[in-house]
Amino acid sequence: MLFFGPQIILPPSGINCIMNPLGFLSLVTLVVTAVSGATSPTTQRTVNSHLTAQDQDRFTKVFAEGLKSNDLQSLYYASANVPTLPAGDAASTCKRLFTLHTESKLNDFEKNFYLIGARKNFGCKEALPAKVETAVKSALTKDASTAQEIYYNFHSAKLAGLTVDEKVRTALGKNLQTVLKKDDSLNSLGHAFAVAAELGTAGAFAYDRIEEAFVQADEVDGRMLQFEGGLSITALIVNGGFKLATGLSKPAPITSDQAVKFATYFLSRASVQTPKGVSVLLEALKLLASQKPIAPIAIRLADNGQLLPESPVLGVRVCDLLGKPLSPALAALSTTIVSRTSGDSLVSKVNLVPSKDDATLYTYNLKSASPPRGLYRVDVEAAPSYRQQLQVSVLGKVRVNSLEVGVGDTDSAASSVKRHTVAHPSKLTTLLNADSQQKVLLKTVLVDDATGKPITVHQAFVLLRHQETHQEIIFVAETDSSKAYKFEMDVGARAADFGHKSGLYEVRLIIGDALLSNSFQWHLADLELKFATASETKPSVVDAASASRKPLPEIVHQFRAPEKRPPRFVSDLFTALCIAPLVILFGFWLKLGVNVKNFPLSLGAIGFHLGLGAILVLFGIFWLRLNMFETIRYLIPLALFTFICGNRMLRKIARGSGNEK
């Protein structure tokens with residue numbers, strides 16, 4: 001079998017080759033990238049969002065609420081992200097902190113960590129309770145059962161200022177290895193990475209587990225990477241993995257493409273509302289932004305992406321994930337703008353100009369390129385590392401080249417109707433009048449203000465508004481082959497739509513489009529409509545026009561009507577015919593005489609006749625009130641009883657006949 005594709009050349013025999021798992025993963029990534037295609041990706045080490053000033057303000061409010069919280073965990077994370085408190089507030093907060101620690105239902109090692117950390121952040125003067133300090137010291141000398149417990153105990157000791165010597169670090173490293181053999185879940189690995197990063201060589205073993213953790217990341221829509229468990233677990237593993245790799249002077253645990261996807265996920269969670277969520281989010285974004293070799297940057301439009309015709313200035317914002325200017329700044333930022341309709345390039349490889357007032361803003365004035373109205377693709381590139389694709393629209397201005405409005409008879413040709421010409425934005429001085437035997441016509445031509453060529457728009461409506469009641473009815477203006485918009489209304493046929501409400505109506509033209517900077521609503525004329533009353537209108541016309549606007553009759557379920565019973569005489573006759581055989585039987589018995597001398601007086605004979613009689617009675621009851629299934633339920637035991645008794649009776653009769661012979 002032949003294999004066509006990328007080949008990996010193995011070293012000659014006899015040569016030892018040791019490859020780190022992450023190094024092998026990087027090699028495979030490079031090979032796949034080289035084979036995946038010759039075309040350049042639309043994005044490279046860039047994201048289209050970042051933390052904004054509004055996000056930072058909201059985070060500040062979340063931490064402020066956390067300071068007021070009665071949750072020990074929220075109080076700790078708020079203390080780690082707020083500036084120093086006033087002396088009065090700090091004293092009351094410290095007092096509340098110790099009270100919350102006493103009342104907390106958390107594990108001892110976890111609530112001790114929050115107490116020690118918040119006490120240090122607030123600068124509390126109260127001494128650490130002897131019970132807590134003793135618990136932290138003893139925890140370092142004995143083995144823990146979970147990586148989470150090791151994490152909290154170790155960091156509690158550091159925050160409390162306790163000495164953690166090399167002997168303790170070695171013991172913690174061995175304890176950590178034992179724990180990971182029993183529990184290698186994502187939560188356990190994340191806490192293990194964070195502790196191992198602080199242990200030096202004693203925690204080097206954990207680096208080999210990084211690939212095991214990151215390979216479990218879930219990809220969402222091909223744009224984001226996250227771990228099961230959400231923001232907290234994802235931030236824990238990413239932060240711990242990077243800290244461990246940095247502490248051991250190892251390569252970054254993820255590639256630049258993976259960094260982009262993790263950053264996209266973290267930015268999508270910027271709406272988090274808890275102090276812990278905001279804290280871990282900021283920590284993860286700061287860490288990713290600090291990894292210069294793989295860190296993604298944000299390249300996005302500085303505004304809404306709509307360029308005005310009088311000042312088509314393209315604005316692009318470039319910053320890090322936290323919204324801060326890049327350091328060092330980009331040497332150059334170029335762009336190529338291509339029409340999405342025709343595919344023609346408007347400008348190619350032109351450099352954007354950095355703003356003097358805003359270090360994150362780059363602009364380019366397209367006035368010299370005279371961009372026509374339309375949608376454009378903007379390819380932004382900062383060679384050789386960054387590439388982003390954006391979408392903008394160049395707006396245009398619409399101008400009413402001509403507009404004609406008139407009233408004529410319903411059966412007359414459109415060309416024979418007398419029309420009035422109205423110039424935008426003025427209003428027709430003549431009052432138009434139309435009754436139910438006439439029609440209203442309107443025709444307008446819209447042109448691009450820059451080129452003078454006829455254009456079509458997304459929205460072209462004719463609105464009629466009653467001046468007294470302000471009731472409105474809107475009609476769609478349709479285009480013809482010459483791109484002129486036409487509107488024609490048969491007054492009599494549309495009477496039901498107006499509710500036969502005669503009176504003075506305003507005629508307005510509404511023009512709108514996503515690519516127009518001057519969409520408008522124009523009051524072009526007044527129209528006096530006279531409708532025939534509903535009683536004068538043919539019912540068929542009224543019903544046809546308004547039937548679709550009325551509620552349908554309620555659907556009421558009806559059971560099938562029972563069939564008509566036969567006459568009483570017929571019923572009695574058939575009942576008599578059914579009873580006749582039984583009457584005839586008893587009549588013959590009376591005439592011939594019934595011989596009961598040879599009736600065997602035995603249990604079998606008596607039981608058989610009683611069972612047979614019971615079956616006949618059951619059939620009678622079935623006729624009167626039982627259904628078939630109920631009858632069968634009673635018939636089965638009666639039939640078995642009758643069968644057994646009849647069998648015994650016949651056997652006795654047979655024995656008696658044999659003895660007589």
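Analyst: Two strands pair if DSSP finds at least two bridges between them. Strands (E, at least two residues) and helices (H or I, at least four) are DSSP runs, numbered from the N terminus. This is a predicted model, in which local features need pLDDT of at least 70 and side-chain atom pairs count only at pLDDT 80 or more, while totals for chains, interfaces and linings use all residues. Residues are numbered from 1 along each chain as its sequence is written, and side-chain values use heavy atoms, with hydrogens and water left out.

User: How many helices and strands are there in the chain?

Analyst: The chain has 17 helices and 22 strands. Of its 661 residues, 39% are buried; buried means under 20% relative accessible area, exposed means over 50%, and partly exposed lies in between (1.4 Å probe, protein chains only).

User: How many bridges join β16 to β20, and in which sense do they run?

Analyst: Strands of a sheet pair through backbone hydrogen bonds, either parallel or antiparallel. Here β16 and β20 run antiparallel and are joined by six bridges. One place to look is Leu441, whose bridge partner in β20 is Glu488.

User: Which strand is joined to β20 by two bridges?

Analyst: That is strand β19, residues 478-479, which also runs antiparallel to β20. Glu478 stands opposite Lys486 of β20. The two strands, β19 and β20, form a hairpin with five residues between them. In the turn, Lys483 has a positive phi of about 65°.

User: Which side chains of β20 are buried, and which are not?

Analyst: In a regular strand the side chains alternate between the two faces of the sheet. Strand β20 (residues 485-490) shows this alternation: one face takes Tyr485, Phe487 and Met489, which are buried. Lys486, Glu488 and Asp490 point to the other face and are not buried.

User: In what order do the five strands of the open sheet stand?

Analyst: The order is β5-β12-β11-β7-β8, with mixed pairing. The edges are β5 (306-307) and β8 (345-351); each has a single partner strand, so one side of each is left without a neighbour in the sheet. Within this sheet, β11 (residues 374-382) pairs with β12 (residues 386-394) in the antiparallel sense, over nine bridges. For example, Gly374 has Val394 in β12 as its bridge partner.

User: Which residues other than glycine have a positive phi?

Analyst: Lys349 and Ser370 are among them. For Lys349, phi is near 55°; this residue is in the edge strand β8 and is exposed, with a relative accessible area of 54%. For Ser370, phi is near 45°. Ser370 sits in the loop between β10 (361-365) and β11, and Ser370 is exposed, its relative accessible area being 54%.

User: Where is there a cis peptide bond?

Analyst: One joins Ser327 and Pro328, with omega about 0°. Pro328 belongs to the loop between β6 (313-319) and β7 (334-339). Another joins His424 and Pro425, with omega about 10°. Pro425 is in the loop between β14 (419-421) and β15 (432-435).

User: Is helix α3 largely enclosed by the rest of the structure or exposed, and why?

Analyst: Helix α3 (residues 72-79) has seven of its eight residues buried, so it is largely enclosed by the rest of the structure. The buried ones are Leu72, Ser74, Leu75, Tyr76, Tyr77, Ala78 and Ser79. In another helix, α10 (residues 210-214), you find Glu211, which is partly exposed at a relative accessible area of 26%.

User: Which residues line the second largest cavity?

Analyst: A cavity is a set of points on a 1 Å grid over the protein atoms alone where a 1.4 Å probe fits but cannot get out, and lining residues have an atom within 4 Å of a point. Points are joined across faces, edges and corners, and the volume is the space filled by probe spheres set on them. The whole structure has two cavities of 30 Å³ or more. The second largest holds about 30 Å³ and is lined by Val405, Val440, Leu442, Val462, Leu464, Phe487, Val507 and Leu527. The elements giving two or more residues to that lining are β16 (438-448) and β17 (459-466).

Technical notes: On a 1 Å grid over the protein atoms alone, a cavity is a set of points where a 1.4 Å probe fits but cannot get out, and a pocket is an open set with protein on both sides within 12 Å along at least five of seven lines; lining residues have an atom within 4 Å of a point.
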